[in-house]
Amino acid sequence: MGVNIDNAALLVIDVQNDFCPGGALEVADGHAIVPTVNDLLEKFEICILTQDWHPDEHSSFADNHDSATPFSLTKMHYGDQVLWPKHCVRGSQGADFHPDLVAHGADLVIRKGFRPGIDSYSAFFENDKTTQTGLAGYLRERGVEQVVLTGLATDFCVYYSALDAKRLGFEAMLVTDCCRAIDLEGSLAAAMEDMDRNGVRFVTSDVFS
Ligand code: VGL
Ligand code: ZN
């Protein structure tokens, strides 16, 4: 079963050292997706990478809140926010792409999460769901109608990006073997269910061969 990828863009979310084993917010087996993502980077005409890119004082870091523990929840002005271990500090080695990712195969790198007071899971919107990253305009100007999602983590940045793609009127496809999850208290199952409910299609990378 082949899938038509005319008018499609490949989105590679946050394949950065801090989300890979040994990193500050490691995702189990995060690095394992890299070879297949590299294959897809060669197949798609339009390829976009995102990079989580936080200032040291970012409000999503547990360290920046009095006596908060990593992975606890807090309330921000825009809603609930998980407090994370410090990760992807802009310019640090942890924020670099995985060394084996063929990053030069991408046309555009979107950096997100750089405003200290607000986190940004999605490649399209910050967590207030209104501040745009500019990606939607870029895709529209290039005639993209379909977004194919890969990367880390399935249940956070990939999930929010997929839902926003649908909300903005793009078709969205999740490549399940090119994602890995954090899975915080059932967050992976909840994310998969919500993506399914919202019309995100699930495929495996072999449909592009
Ligand atoms: C992510 C948590 C915090 C992600 C980024 O890329 O999924 N998760 N920052
Ligand atoms: Zn982050």
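Okay, let's start with a definition: four donors around a metal count as tetrahedral if all angles lie between 85 and 135 degrees. Four count as square planar if opposite donors are over 155 degrees apart and all others lie between 65 and 115, and anything else is irregular. Keep that in mind, and keep in mind too that this is a predicted model.

So, the zinc ion, ligand 2. Which protein residues hold it? The donors from the protein are Asp 52 through OD, His 54 through NE2 and His 87 through NE2, and they lie 2.0 to 2.2 Å from the zinc. Along the sequence, these donor residues follow the spacing D-x1-H-x32-H.

Now for the angles. The four donor atoms around the zinc subtend 87 to 168°, so the arrangement is irregular.

Next up, ligand 1. Two of the zinc donors turn up here again: Asp 52 and His 87 are among the residues around ligand 1. Others in that shell include Phe 19, Trp 84, Phe 156 and Ile 182. By class, we have eight nonpolar residues, one polar and two charged.

What about polar contacts? A side-chain N or O atom of His 87 sits 3.1 Å from a nitrogen of ligand 1. On the backbone side, an N or O atom of Leu 152 is 3.2 Å from a ligand oxygen, and one from Ala 153 is 3.0 Å from a ligand oxygen.

And how much of ligand 1's accessible area does the protein cover? The answer is 100% of the 260 Å² that the ligand has on its own. The space ligand 1 takes up is the largest cavity.

Terms used. Residues are numbered from 1 along each chain as its sequence is written. Chains are lettered from A and ligands numbered from 1 in the order in which they are written. This is a predicted model: local features need pLDDT of at least 70, side-chain atom pairs count only at pLDDT 80 or more; totals for chains, interfaces and linings use all residues. Side-chain values use heavy atoms; hydrogens and water are left out. A residue is near a molecule or strand if one of its heavy atoms lies within 4 Å of it. A polar contact is a pair of N or O atoms within 3.5 Å; within protein, one must be able to donate a hydrogen and the other to accept it, and residues adjacent in sequence count only if both atoms are side-chain atoms. Accessible areas come from the Shrake-Rupley method with a 1.4 Å probe; for residues, only the protein chains shown count as cover. On a 1 Å grid over the protein atoms alone, a cavity is a set of points where a 1.4 Å probe fits but cannot get out, and a pocket is an open set with protein on both sides within 12 Å along at least five of seven lines; lining residues have an atom within 4 Å of a point. A molecule sits in a cavity or pocket if more than half of its atoms lie within 2 Å of its grid points. Ala, Val, Leu, Ile, Met, Phe, Trp, Tyr, Cys and Pro count as nonpolar, Asp, Glu, Lys and Arg as charged, and the others, Gly among them, as polar. Donors are N, O and S atoms within 2.8 Å of the metal (3.2 Å for Na, K and Ca); water is not among the atoms, so sites may look incomplete. Four donors count as tetrahedral if all angles lie between 85 and 135 degrees; four count as square planar and six as octahedral if opposite donors are over 155 degrees apart and all others between 65 and 115; anything else is irregular.
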